[in-house]
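Student: I should like a close look at a single part of this protein, with its surroundings described in connected form. Please begin once the sequence and structure are in view.

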Amino acid sequence: MKKLLFNRILLTFALSIFCFFSPMDADSSAQQSLLGSARVVFQTNYGDIEFGFYPSVAPQTVEHIYKLVRLGCYNTNHFFRVDKGFVAQVADVAGGRTAPMNEEQRKEAEKTIIGEFSDVKHVRGILSMGRYSDPNSAQSSFSMLLGDAPHLDHEYAIFGKVTKGDETLKKLEELPTRREGIFVMPTERITILSTYYYDIEMETCERDKSMLKRRLAASAIEIERQVKSCSF
């Protein structure tokens, strides 16, 4: 009788442990462990979105996207697609920006990246490269997942995840949309006003100064380009 009671207690304890450490928690913890120390912030007209990279999962993709960010390529770009519960997709920078691109920006934007497909799952917050039918055709467009999408696993290259700004993504999901073929698109432009990046391993004071310098520099550069493009 005592042995039976002990076994029941043991089983109850085991079940409680399983429920406490659910598979969802395990997945979230695994995703967190993949993150590098670099962070990027997209400042949109609906709020900020911060994300980090998975350099061990998709090294070439991460290097390419991070370089595009450092060059200011995503400034004045936009989210051309918002499909509630599925994806918010950033446009290709070559055609999505309102500001003209310089030669260095265009050269990097036109590069194609090999498909670095992995076992990381497509769940809310994940960053996944856009591409054409060719698996090695990814350039600069990518999606932020707004829900779980297992049918995309092993088909599209995951390279990072959103670390802050889910409230901004929720705002985007509530915007009015229209359907064009397979795409659900917002009826008003969701602009990436500016971008900046920083490293979470830097000392706080140095990080703040570095972030401020980059934000000011990015804004100044884009203002100058806009002025030049509007000059007669």
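Student: Which residue in β6 is the bridge partner of Leu 127?

Tutor: The model under discussion is a predicted one. In β6, Leu 127 has Met 144 as its bridge partner. This residue pair belongs to the contact between strand β5, which covers residues 126-129, and β6; the two strands pair in the antiparallel sense over 3 bridges.

Strand β6 has another partner as well. Strand β4, residues 87-90, is joined to β6 by 4 bridges, and these two strands also run antiparallel. Within that pairing, Gln 89 stands opposite Ser 143 of β6.

The side chains of β6 can be considered next. In a regular strand, side chains alternate between the two faces of the sheet. Strand β6 spans residues 142-145, with Phe 142 and Met 144 pointing one way and Ser 143 and Leu 145 pointing the other way. All four of these residues are buried. Thus Met 144, the partner of Leu 127, and Ser 143, which faces Gln 89 across the pairing with β4, point in opposite ways from β6.

The same strands lead to the largest pocket, whose volume is about 450 Å³. Strands β3 (78-83), β4, β5 and β6 are the elements that give two or more residues to its lining. That lining comprises 22 residues, and those nearest the centre of the pocket are Arg 81, Gln 89, Gly 130, Arg 131 and Phe 183. Gln 89, already met opposite Ser 143, is therefore one of the residues nearest the pocket centre, where "nearest" is applied to lining residues, those having an atom within 4 Å of a pocket point. By class, the lining of this pocket consists of 11 nonpolar, 8 polar and 3 charged residues.

Arg 131 also lines the largest cavity. Rolling a probe the size of a water molecule over the atoms shows where empty space is left. The structure holds 1 cavity of 30 Å³ or more, and the largest cavity has a volume of about 60 Å³. Besides Arg 131, its lining includes Thr 61, Ile 113, Ile 114, Gly 115, Phe 117, Met 129, Pro 135, Ala 138 and Ala 157. The class composition of this lining is 7 nonpolar, 2 polar and 1 charged residues.

Thr 61 connects this cavity lining with helix α3, where Thr 61 is among the buried residues. The other buried residues of α3 are Val 62, His 64, Ile 65, Tyr 66, Leu 68 and Val 69. Helix α3 runs through residues 59-70, and its 12 residues reach 16 Å from the first C-alpha to the last, close to the 16 Å expected at 1.5 Å a residue. After α3 comes Gly 72, with a positive phi near 80 degrees.

Two further buried sites carry polar side-chain contacts. Ser 118 is found in the loop between α5 (103-109) and β5. Ser 118 counts as buried because its relative accessibility is 15%, under the 20% limit. Its side chain reaches the backbone nitrogen of Val 120 at 3.3 Å. Glu 173 lies in helix α6, residues 166-173, and is buried, with a relative accessible area of 12%. The side chain of Glu 173 makes a polar contact of 3.1 Å with the side chain of Arg 124.

Terms used:
Residues numbered from 1 in each chain as written. Predicted model: local features only at pLDDT ≥ 70, side-chain atom pairs only at ≥ 80, totals over all residues. Heavy atoms only, no water. Buried < 20%, exposed > 50% of the residue type's maximum accessible area, 1.4 Å probe, protein only. Pairing = 2+ DSSP bridges. Expected span 1.5 Å × (residues − 1). 1 Å grid on protein atoms, 1.4 Å probe; cavity = no way out; pocket = protein on both sides within 12 Å on 5 of 7 lines; lining within 4 Å. Points joined across faces, edges and corners; volume = space filled by probe spheres on them. Nonpolar A, V, L, I, M, F, W, Y, C, P; charged D, E, K, R; others polar. Polar contact = N/O pair within 3.5 Å; in protein donor to acceptor, adjacent residues only side chain to side chain.
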